[in-house]
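Me: I am new to this structure and would be grateful for a close look at a single part of it. Please treat that part at length, in connected prose.

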Amino acid sequence: MGRRVIKRNNQNAQTDDNNFNTYLTSSLKENLDSIQKMLGNPVDLVIRNFYFAKHACAIIYIDGLSNKQQIEENVLRELERLEQSDQTAELNTSNLLAIIHEQLISISSIKNVDTMDKLSLGLLSGSSVLLLDGVERVLLLETKEWESRAIQEPVSEALIRGPREGFVENLNTNIVLIRRQIRDPNLHFKEYDIGRRSKKKLVLAYISGIIHPELLKEVKKRLSSIDTDDAMESGYIEQWIEDSFLSPFPQIFNSERPDKAASALIKGKFIILLDGTPFVLIAPTEIGGAFKSPEDYYERWLISSLIRVLRYLAAFITMFLPALYIALVSYHQGMIPSQLAFSIASTREGVPFPAFVEAVLMGVTMELLREAGARLPKTIGQTIGIVGGLVIGEAAVSAGVVSPIMVIVVALTAVASFTIPMYSVAISFRMVRFGFMAAAAFLGLYGIILAYIMVNIHIVNLKSFGVPYSTPYAPTFISDWKDLVLRMPAPMLGRRPEYLQTKDKISAKKRRSK
Amino acid sequence: MMYQFKYADDKISDNELMITIPSITIGVGVLSLPSLIAEDTIGSDGWIPIISAGVFFVALAWLIVKVASMYPNQPFISFASVLLSKPIATVLTILLALQGFFITAFVLRIIADLAKEYLFDRTPVEVISLCFLLVVSYAVSGSRVGLFRLNMMFFPIIIFIIVFVGIFSINWYDASNFLPVFQTDFRGYLNASRNSLFSLTGLFVLFFYTSLVRKPDKAPKKAVYGMTMVSIFYIFIYFMCIGVFGYAGTANVNYPIVEIAKEVEIPGGVFERFDSIFFVIWIMAVFNTVTMAFDSSLYALKSVFNLKKIHYILFLTPVLFFVAMIPKDVIDVREFGDFVSLYGLVITTLTAIVLFTIASVKKKVSSEANTSKRRNSKS
């Protein structure tokens, strides 16, 4: 009996090399040969041949992806025990596989497959494969185990108060971390295989009693539209499913924190986890969300509200301060208080460049320092900070390249931009800042306000999975303003965000004590 | 086609319609209004013409929205065709579109003149108004609901800045400036009322936008609220100017409210010349006026000739620019402004009254027919 080819669509199949969509044969040797041929005789493929009830068998697995001890103790030894018991008396090739399937209790999950395709996916995901001579099917035994990083504190989102655990690269661990936060049976995880070649597991998580059904339909549609060889990281998925790739603002947020992901789920959002990355995606998002940190809910409301106001101020400084400097110095000197105007003028005396060039120069330098600091190991990163901040800043001023006021402006901008909890949004703000600077150089304050209006036009037209990015400012939901710039006391935040139009609207209610 | 949430479709809420009214009316007119009124009135009598103009416009706003909401979710041209016949409706639509066009061109010119006066003296008017026009074109080429959201976002900022100026100029108020009262003659009231009427035009957009409201039955009430807000706002500004400058002083400056802003001193002296800041913020108010006017004009034209919106924008933007640049000096601009206001006032009022009369007559006739039918069927 030769190989049966179930699908040979010439338009779709790329080459014969890539088409493993074939059935297995009944010959053990032939199967093993074709597996080895398919994988290209890999060094890490382990093949263990043995006889079980006088049938030629083989168990194969990839060294390093499977737990060797488990295979020895729970598979081989169990099979040995099974053979010695009386049950094997009436065994023949037809029911052998079914008996093993039933009797091998010590393996938690066993799959019975019959195509090369499924076999290779299982084998390469860490399962071990049990083949039997004379049977056209094989068993995939769940024996996955590989080295992975322990749960650590999330590096990119440090908090003063809050849980210290962060997501890791292992998908199952990440799911567990979310399950431990929410024990609702309505918490659903839907699995996707992403990547034609990488075949990574992607999991969409949501709470089905809360999330708007149409939103769910939309995200499922978009996820199934992904067709790529490799899903490198969740950021890559983000770019496949976002609403507008032209926008400078991220329409999907990411996080390393299980508590943040869980609170997003409870609010009626969905999250996307991808195997191999600690960053999960959270959507739909709105611009106000960029200013919210999980810590806001852990601290008392007054502190959180003040800190949020501070963050809004920081966003203003990040975007507008260099532009305002340019506009005031080059167009509206009259607006600067006269004392300050004199001191600025005197420090700018020797500076050969117009304010715009000065600002761009320092702005780019700051971005360079940030990038260099991020790339280098932590110990050298500090050196970069000293060299950049002190030496270059000081030297640039004393050499007369830039004015000291400019150094203050740039430093303030940098510090302010790092206070925004969403790093990707902070980058967007810093990017937009250069646009404001150009507008200020061209038309002064008038240019700044026109640029600001343009950013607003863009934001009101932007959507994240159909949810307007400018909500709850506009479309206005006054009840959502309780958790926007200010964070009202916890008992007052009893409703889920209205802009998400969740099925279940109430999330908390203050009970009267009896 | 991407799914969109309920509030993200082409409909607007009744509150958004309410905010549309201050957005279109509050613009450049209010900056010079106190001075125009103070020219013809004595003491603080100016509030009488403002209130009378306000009452007139509140009634007009109610009338327009009422007649438009009698035919829920129908665009202007379709219900006007039912009431007046198709050709007349088409002509009316084009006339109303022209008003939007004129308002846009006029405001474009004024904003450039103002920017020249308060922000820079060397930059040519053409550059200033062209930049503004381009931003407006960008806005109207986006989604229409986006414009209403912009109104919602900018409106609080505009209110805030006026209140801010009002509070921080409190040192300059002089109670004696409000005296004497009721000394103005009838002629003065009449002139002042005319000027107030002129600065309140813009209600024509309601003819078009009422059809976008999700709950049309609530719309007339909200329109009344919106217009009342504008009237209160105007009176507030008027009293601010009179309180600081007195009526003679107010009459002598072109833009008294900006002059007050000039006097504002922020504690700590972070900024001097607050008028520039005030004016820059005020550009948002002006921007809302222009986008509403331009967009409703596009909406009207699109209902008559079925072309793509972007084609209209590409064609109208240069034309608008040239029309805005036609007036040569201040007197020309003022005449242009008077023409725009008068044109708008006449066309809006006439359309509203005619449509409302016919609509209510028709309704009465049909309800009588219904009752007689019912009577017949009963007997």
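Reply: The model shown is a predicted one. A preliminary word on helices leads to the part chosen, a strand. Helix H15 of chain A, residues 423-461, contains 39 residues, yet its end C-alpha atoms lie only 23 Å apart, short of the 57 Å that a straight helix would reach at 1.5 Å a residue. Within H15(A) there is a bend of about 140° at A:Leu443. In chain B, helix H10, residues 219-252, has 34 residues and end C-alpha atoms only 40 Å apart, where a straight helix would reach 50 Å at 1.5 Å a residue. H10(B) bends by about 105° at B:Gly246.

The close look itself concerns strand E10 of chain A, which comprises residues 280-283. Both of its faces are covered. A:Val280 and A:Ile282 lie on one side, A:Leu281 and A:Ala283 lie on the other, and all four are buried.

E10(A) pairs with strand E8 of chain A, residues 253-255, in the antiparallel sense, over three bridges. In this pairing A:Asn254 is found opposite A:Leu281. Strand E9 of chain A, residues 270-274, also runs antiparallel to E10(A) and is joined to it by three bridges. Here A:Ile272 stands opposite A:Leu281. A:Leu281 thus has A:Asn254 opposite it and A:Ile272 opposite it as well.

E9(A) and E10(A) form a hairpin with five residues between the strands. In that hairpin A:Gly276 adopts a positive phi near 95°.

Note on methods:
Residues are numbered from 1 along each chain as its sequence is written. Chains are lettered from A and ligands numbered from 1 in the order in which they are written. This is a predicted model: local features need pLDDT of at least 70, side-chain atom pairs count only at pLDDT 80 or more; totals for chains, interfaces and linings use all residues. Side-chain values use heavy atoms; hydrogens and water are left out. Helices (H or I, at least four residues) and strands (E, at least two) are DSSP runs, numbered from the N terminus. The expected span of a helix is 1.5 Å times one less than its number of residues. The bend at a residue is the angle between axes fitted to the seven residues ending there and the seven starting there. Buried means under 20% relative accessible area, exposed over 50%, partly exposed in between (1.4 Å probe, protein chains only). Two strands pair if DSSP finds at least two bridges between them.
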